[in-house]
6 protein chains.
Amino acid sequence: MEGHEAPLALVDELVGLALREDLGPTGDVTSRLVLPEALTSRARFTAREPLVVAGLSVAGLVYRKIDPRVVFTPLVEPGSLVDRGRALAEVEGPARALFAGERTALNFLQRLSGVATLTRAFADRMKGTRCRLLDTRKTTPGHRVLEKEAVLLGGGVNHRMGLFDGILIKDNHLAAAGGIAVAVRRARSGAHALLRIEVEVDTLAQLEEALALPVDMVLLDNMDVQKLRKAVALRDDRNPRVLLEASGGVTLDSVGAIARTGVDFLSVGALTHSARSVDIGLDAA
Amino acid sequence: MEGHEAPLALVDELVGLALREDLGPTGDVTSRLVLPEALTSRARFTAREPLVVAGLSVAGLVYRKIDPRVVFTPLVEPGSLVDRGRALAEVEGPARALFAGERTALNFLQRLSGVATLTRAFADRMKGTRCRLLDTRKTTPGHRVLEKEAVLLGGGVNHRMGLFDGILIKDNHLAAAGGIAVAVRRARSGAHALLRIEVEVDTLAQLEEALALPVDMVLLDNMDVQKLRKAVALRDDRNPRVLLEASGGVTLDSVGAIARTGVDFLSVGALTHSARSVDIGLDAA
Amino acid sequence: MEGHEAPLALVDELVGLALREDLGPTGDVTSRLVLPEALTSRARFTAREPLVVAGLSVAGLVYRKIDPRVVFTPLVEPGSLVDRGRALAEVEGPARALFAGERTALNFLQRLSGVATLTRAFADRMKGTRCRLLDTRKTTPGHRVLEKEAVLLGGGVNHRMGLFDGILIKDNHLAAAGGIAVAVRRARSGAHALLRIEVEVDTLAQLEEALALPVDMVLLDNMDVQKLRKAVALRDDRNPRVLLEASGGVTLDSVGAIARTGVDFLSVGALTHSARSVDIGLDAA
Amino acid sequence: MEGHEAPLALVDELVGLALREDLGPTGDVTSRLVLPEALTSRARFTAREPLVVAGLSVAGLVYRKIDPRVVFTPLVEPGSLVDRGRALAEVEGPARALFAGERTALNFLQRLSGVATLTRAFADRMKGTRCRLLDTRKTTPGHRVLEKEAVLLGGGVNHRMGLFDGILIKDNHLAAAGGIAVAVRRARSGAHALLRIEVEVDTLAQLEEALALPVDMVLLDNMDVQKLRKAVALRDDRNPRVLLEASGGVTLDSVGAIARTGVDFLSVGALTHSARSVDIGLDAA
Amino acid sequence: MEGHEAPLALVDELVGLALREDLGPTGDVTSRLVLPEALTSRARFTAREPLVVAGLSVAGLVYRKIDPRVVFTPLVEPGSLVDRGRALAEVEGPARALFAGERTALNFLQRLSGVATLTRAFADRMKGTRCRLLDTRKTTPGHRVLEKEAVLLGGGVNHRMGLFDGILIKDNHLAAAGGIAVAVRRARSGAHALLRIEVEVDTLAQLEEALALPVDMVLLDNMDVQKLRKAVALRDDRNPRVLLEASGGVTLDSVGAIARTGVDFLSVGALTHSARSVDIGLDAA
Amino acid sequence: MEGHEAPLALVDELVGLALREDLGPTGDVTSRLVLPEALTSRARFTAREPLVVAGLSVAGLVYRKIDPRVVFTPLVEPGSLVDRGRALAEVEGPARALFAGERTALNFLQRLSGVATLTRAFADRMKGTRCRLLDTRKTTPGHRVLEKEAVLLGGGVNHRMGLFDGILIKDNHLAAAGGIAVAVRRARSGAHALLRIEVEVDTLAQLEEALALPVDMVLLDNMDVQKLRKAVALRDDRNPRVLLEASGGVTLDSVGAIARTGVDFLSVGALTHSARSVDIGLDAA
């Protein structure tokens with residue numbers, strides 16, 4: 001019998017929540033009434049369009065929580081780019097359990113594969129540059145860890161997971177704190193030893209000020225390609241070890257040009273806040 | 001002091017989950033280090049494009065959970081169609097709390113208003129018909145109740161909430177049970193007294209069979225406009241009290257024609273699985 | 001190794017609660033001190049009076065939660081009418097676990113079999129009529145799902161599970177809403193597509209009004225047999241597809257006469273609020 | 001503003017469970033659709049038969065959890081014996097909240113007042129003796145603490161709360177341990193310093209053996225009145241500080257005679273496993 | 001396959017909490033990035049100084065919760081006194097899981113073995129007397145049950161587990177209640193039948209008063225050896241069945257003399273509030 | 001009325017756990033029986049020895065959870081060094097609530113102030129150097145966040161909070177991964193953009209290798225003062241922006257000399273694994 005690593009606590013909780021909202025206090029009434037208890041069944045999750053696969057392990061968890069007797073077997077590697085018609089996973093077990101989990105499993109698979117697929121599209125346009133594609137905190141509430149994993153599978157790199165594991169001093173912080181210098185000093189003296197510090201700037205003047213401080217990374221907010229090139233030059237001149245992140249309104253059309261400015265990272269909220277669900281079906285096998 | 005109705009348990013849980021994933025075990029490190037504890041602040045959620053508003057109460061809950069001292073005041077009615085620039089809500093309280101909740105509140109507001117806005121677009125195209133717009137179970141896991149409320153605000157009607165509060169016998173159930181007649185009989189004799197029964201059919205022959213049974217509603221899966229018209233005629237002839245739902249691949253282009261076939265309901269998965277986040281910002285007030 | 005369907009979330013929670021109240025923070029002190037850890041044992045749950053069996057699966061869950069090594073084997077079908085002396089289930093495993101779970105398992109079995117047994121008594125007196133026996137929401141807090149299942153096993157039919165999966169407009173609603181017509185209209189336009197609507201009436205005049213509205217079922221509150229007959233006649237005349245439910249003060253003595261009036265359903269709060277525990281013991285095997 | 005002691009954790013959890021089973025994922029659909037949000041209302045819980053009042057604080061908690069704006073005001077002291085028609089508590093607040101909590105509050109009040117009322121009946125028949133009335137662990141799963149409090153309000157005394165806060169060595173323990181002496185010794189040497197030890201005996205010979213050991217109390221199982229008198233005499237002679245508890249099949253008819261045998265305690269499972277719900281209604285005020 | 005008794009609810013919760021604080025929302029980042037998923041490993045927990053072993057089962061639970069595939073095998077009996085170098089347990093399984101659990105497992109083992117080791121030191125100095133060593137409620141919040149078990153393993157006896165399973169009337173209670181007599185009477189008449197009652201006294205005069213009341217045990221607070229001897233004599237004279245507990249400032253130096261005064265128990269807060277962590281390491285095997 | 005920032009989720013959970021273990025299913029039996037419900041009281045937490053104060057807010061939370069009517073008022077700033085006799089906080093409210101929370105509040109205050117006090121002792125010996133004092137993950141399970149805050153209050157700096165918010169590649173990782181270079185590369189390419197990377201080395205040769213890689217910090221394990229000086233020199237020569245942390249067996253005696261070697265950080269497990277509880281009492285005010 002195959003074992004299983006315990007899922008991350010938040011993922012486990014989200015799946016529990018998703019099942020409770022669909023099953024309510026009483027479960028899948030239709031299947032309980034219509035299907036014999038002893039009936040077993042087998043089916044396959046199949047891509048109905050080309051896509052990058054993500055969400056297989058959470059789909060497996062959905063079934064394991066409904067009925068431990070269900071066997072869920074992935075048929076492709078997470079992160080694979082597959083064609084229409086490709087079987088992604090097989091599920092086998094009591095028919096009632098298969099019905100009860102189908103919609104929730106699909107809802108996860110379609111959304112997460114959608115994120116991975118969109119990420120791949122952006123990443124493909126950045127090929128040949130050293131710039132890396134970052135996600136943001138603009139994720140679906142409760143799905144942060146899953147969506148960030150989908151970004152990895154699509155070829156992106158994660159930005160910080162949340163407010164707790166990275167310091168990003170934004171313009172509002174600067175205003176309230178009284179300037180970059182004091183904000184950075186406070187952050188560095190109180191942050192734990194392994195947290196990096198990033199500061200957001202809107203102008204090259206601010207960037208210059210930031211490059212003189214003990215920051216690890218600077219977020220260049222809403223700068224156009226020309227300005228980004230100047231920012232890179234300034235960084236190379238003043239403090240080459242500081243990383244630069246471009247952010248703001250990046251689209252599939254503009255991503256290539258931005259990546260070629262020489263910034264180290266480029267972050268795209270759309271990866272998670274605007275990915276559409278891709279089409280995946282469950283077919284009797 | 002204003003009181004508050006307790007939130008639905010699942011909504012409360014989802015918001016807790018969303019905050020834990022963003023705040024982690026240690027909270028908003030940046031704000032704690034950079035902002036003075038006593039600093040208070042005020043800001044407004046503002047539409048950056050025309051949209052139908054949804055998610056205000058869950059945004060308020062986000063802040064209430066972070067710090068009960070925060071006051072969140074909606075400035076428009078849920079379901080309002082607003083123009084770009086309109087302030088949707090004001091939030092006031094400890095600055096650290098405002099920063100800690102901003103992203104999560106926005107993530108909810110943008111997604112849910114996105115669902116309401118898309119629903120309104122579909123509903124508008126159905127005006128002048130008696131057909132009503134239904135959502136589906138293709139919702140974001142954990143967000144079912146919120147998204148279904150956004151559909152209502154956008155002018156749609158809810159289909160069942162989940163597997164527990166409505167009986168929908170699908171083609172796979174029919175296959176496993178051995179036919180429509182036996183499946184409907186089993187469902188009716190075991191279901192509780194206030195649950196309606198709907199059965200999915202793919203052909204007019206199946207519809208004819210269903211109309212002879214004690215069903216309340218029939219789902220017409222993936223039929224084109226012509227076939228739908230025939231289905232309506234058949235229903236009117238055989239069992240006029242049975243409701244008809246059209247389903248499958250409905251788009252903004254096709255919705256009007258389908259609505260005019262005379263079906264009672266038309267369900268659109270895209271309302272919840274493919275709505276994009278609309279643009280809402282938080283501006284210092 | 002036999003698998004197990006995961007229990008419904010609320011049942012799982014109730015059993016956890018029941019064990020925590022009995023085991024406290026420290027568990028079964030007596031057995032831990034007095035019994036050797038390695039001792040295993042076997043015992044049988046036995047009917048000490050004639051009864052209809054319910055609660056076997058929750059009794060099994062009690063033991064599974066205490067110690068997964070315990071094997072609980074039902075020996076009769078749920079819903080069976082058994083004589084005094086009949087063994088209902090066998091339990092085998094570590095002696096400490098058997099002792100720790102005995103009282104809680106019995107408390108469930110005795111109460112739930114009590115509900116099933118009382119339901120059977122009512123149902124038996126309704127034989128030969130088409131009237132069906134309904135339960136109510138007068139259940140033991142936290143035990144709703146279990147008691148409703150016991151009603152099914154005893155030969156009854158469930159009314160709605162709770163406030164969420166059926167619409168029942170009561171007299172107080174009518175007063176507050178300003179009449180039946182407006183209340184029914186509001187309910188139908190906002191309710192989801194698969195929820196039935198029932199309205200409570202006290203008089204034949206109200207019934208007449210209700211029968212002209214899009215309701216699915218009418219609750220006839222506290223009407224005597226003569227009035228119920230008139231109600232049935234009125235329904236047959238005006239709107240034969242509306243179902244009628246008689247309610248209020250039904251006893252074992254009156255149930256037969258009421259059932260013969262032609263109402264479709266008859267609901268009895270006593271099934272769950274006044275069933276006594278039947279006598280079941282656990283004997284060493 | 002009046003404050004509130006936080007409820008015991010298990011009571012809080014049970015009430016949460018009770019509300020979730022009745023409200024489901026979506027709440028009270030009928031009231032939400034039919035009643036205006038701003039409507040407030042007032043009502044009184046009223047005895048419809050003579051009864052001893054219990055459950056007021058848990059009924060108040062039900063409403064507080066649904067909507068903190070509801071004000072619940074007890075009108076009688078817990079444990080009062082009241083006549084038919086007496087108002088027990090008043091509840092005032094948003095009408096939707098009053099409807100949503102009515103059934104759950106009543107389900108608690110009727111059951112717990114039923115336990116208190118039955119306890120009072122037993123206790124009344126023991127007046128004039130020094131014998132005290134005990135409850136057992138035959139309580140409704142999840143309701144232990146509440147039912148034991150109802151027993152106190154009815155004039156009884158609690159036995160141990162669960163397996164964790166008192167040692168009761170039963171016949172099966174004795175068999176497995178190899179005799180009373182060894183079982184008592186093991187229990188005393190491992191139990192914590194403030195736990196009393198009770199041992200169950202079936203015969204006077206066993207009682208004699210127990211009285212020679214460091215036990216605090218002896219349970220006399222299923223002895224008739226004559227045997228109980230002998231047991232008391234034996235105890236008075238051998239070890240007068242040991243307490244005696246009579247148990248097994250005590251009824252309202254037999255309780256007086258047993259209490260007069262001189263036993264210190266008399267335990268009655270029926271107090272909690274067979275109390276019927278008393279009739280309490282909620283009337284608009 | 002070996003089964004497992006389910007852990008006590010509070011222990012299970014504490015371990016869950018400990019893992020969530022260490023793993024956060026995202027888990028062991030280092031191991032996930034650096035180690036291959038398929039790598040398995042084996043290691044041994046080894047004493048780096050002489051110690052009394054406690055905490056093995058909770059260490060096993062830590063790993064079981066991280067990944068059910070990990071096999072944790074204790075190599076010594078709980079409560080054993082072992083020398084430096086002795087292997088206490090072996091753990092084998094996926095390398096990532098071993099790394100993820102190492103620190104938490106060690107943190108439990110080192111603290112709990114520290115408590116057992118210190119308890120043994122105290123108990124050793126009490127040998128040859130009939131006095132028994134008690135712990136107190138001065139335990140680490142959330143670790144009560146585990147630390148009390150470590151005290152047992154070290155040779156001590158538990159005092160009550162908490163405020164719920166034993167009555168200890170302290171000086172502040174006496175002041176508020178208006179004297180020992182009334183306090184004891186109230187306690188005895190309301191406490192459940194198997195709870196012992198202890199009362200705290202500061203003077204011999206108070207002890208004399210207490211010995212005339214129905215108390216089971218008296219706590220002699222902060223008395224020196226001479227006074228304790230007088231207290232024992234008084235007890236022997238007035239009410240020999242009452243147990244005496246000495247408390248307050250007991251050290252390894254003073255414990256022997258106090259134990260020889262004839263008191264039945266001696267309680268030491270330091271067992272749990274001042275035990276240091278003992279040195280245990282995890283070595284690749 | 002003063003508001004309150006919501007506590008961090010893990011702290012809230014730990015306090016709930018601590019109360020459940022002490023209060024059990026039934027609460028503080030003694031106070032409920034002995035003290036009148038209406039009695040209110042006031043008391044002060046007072047230092048019984050010189051100490052650095054930590055834990056005030058969690059002590060306040062303990063009372064707030066028991067009874068929201070209790071008012072807890074800190075009288076000194078967190079992190080203050082106070083003399084024996086100084087009042088640290090005042091608590092006022094229902095007497096039963098004050099008794100119920102006393103022990104748990106003290107258990108937190110004494111332990112956390114113990115950590116802060118020990119940290120201060122180490123930090124004092126490092127004065128005059130630029131070296132900073134770090135804590136470790138050797139914390140009490142479930143108390144991580146609280147103990148790390150106490151370290152800050154004592155004058156230390158936090159190392160990463162857990163396995164999730166910092167990358168520390170240890171010797172075992174290196175062995176399994178096949179060398180420093182590959183391990184660092186894997187970590188850097190998969191870690192999120194704001195996580196620093198630290199690598200553990202045992203020798204100067206390893207340090208040399210590490211300094212050539214993109215690491216942010218190096219942990220020098222168990223090196224003596226002489227070796228640490230050489231490490232600092234090597235770092236200054238090869239890669240001056242890399243931070244150095246000395247670790248292993250640091251004591252109050254050795255800490256000064258190590259700090260003067262020029263390392264940037266020095267970590268001490270004893271701050272949290274071996275701090276003793278300081279003496280704090282609660283006196284009626």
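**Note on two chain contacts: E with F, and D with C**

1. In this predicted model, the contact between chain E and chain F takes 60 residues from chain E and 60 residues from chain F. Within chain E, the residues E:Glu21, E:Pro141 and E:Leu163 supply 14% of the area that this chain buries against chain F, which is more than any other three residues give.

2. The size of an interface is often given as the accessible area lost when the parts come together. For chain E and chain F the buried area is about 5200 Å², and carbon and sulfur atoms give 60% of that area.

3. As for charged pairs, the rule finds six salt bridges across the interface of chain E and chain F. In one salt bridge the side chain of E:Glu13 meets that of F:Arg20, with a distance of 2.2 Å from N to O. Polar contacts between chain E and chain F come to 36 residue pairs, counted where both residues are at pLDDT 80 or more.

4. Which elements of chain E give two or more residues to the side that touches chain F? They are the helices α1 (9-23), α2 (29-34), α4 (95-125), α5 (144-154), α6 (171-177), α7 (180-190) and α11 (270-273), together with the strand β7 (167-169). The largest share, nine residues, comes from α1(E), and by class this side of chain E has 29 nonpolar, 19 polar and twelve charged residues.

5. Turning to the other contact, chain D contributes 59 residues and chain C contributes 60 residues. Chain D and chain C bury about 5200 Å² between them, with 60% of it on carbon and sulfur atoms. On the chain D side, D:Glu21, D:Pro141 and D:Leu163 lose the most area to chain C, and together they make up 14% of what that side buries.

6. Across the interface of chain D and chain C the rule finds six salt bridges, and a salt bridge joins the side chains of D:Arg144 and C:Asp22 at 2.9 Å, N to O. There are also 36 residue pairs in polar contact across this interface, where both residues are at pLDDT 80 or more.

7. The side of chain D that touches chain C draws at least two residues from each of several elements, among them α1 (9-23), α4 (95-124), α5 (144-154) and β7 (167-169). How many residues does α1(D), which gives the most, supply to this side? The helix α1(D) supplies nine residues, while the residues of this side of chain D divide into 28 nonpolar, 19 polar and twelve charged.

Technical notes. Residues are numbered from 1 along each chain as its sequence is written. Chains are lettered from A and ligands numbered from 1 in the order in which they are written. This is a predicted model: local features need pLDDT of at least 70, side-chain atom pairs count only at pLDDT 80 or more; totals for chains, interfaces and linings use all residues. Side-chain values use heavy atoms; hydrogens and water are left out. Contact means heavy atoms within 4.5 Å. Buried area is the accessible area (1.4 Å probe) that two parts lose on being put together, summed over both. A salt bridge is a side-chain nitrogen of Lys or Arg within 4 Å of a carboxyl oxygen of Asp or Glu. A polar contact is a pair of N or O atoms within 3.5 Å; within protein, one must be able to donate a hydrogen and the other to accept it, and residues adjacent in sequence count only if both atoms are side-chain atoms. Helices (H or I, at least four residues) and strands (E, at least two) are DSSP runs, numbered from the N terminus. Ala, Val, Leu, Ile, Met, Phe, Trp, Tyr, Cys and Pro count as nonpolar, Asp, Glu, Lys and Arg as charged, and the others, Gly among them, as polar.
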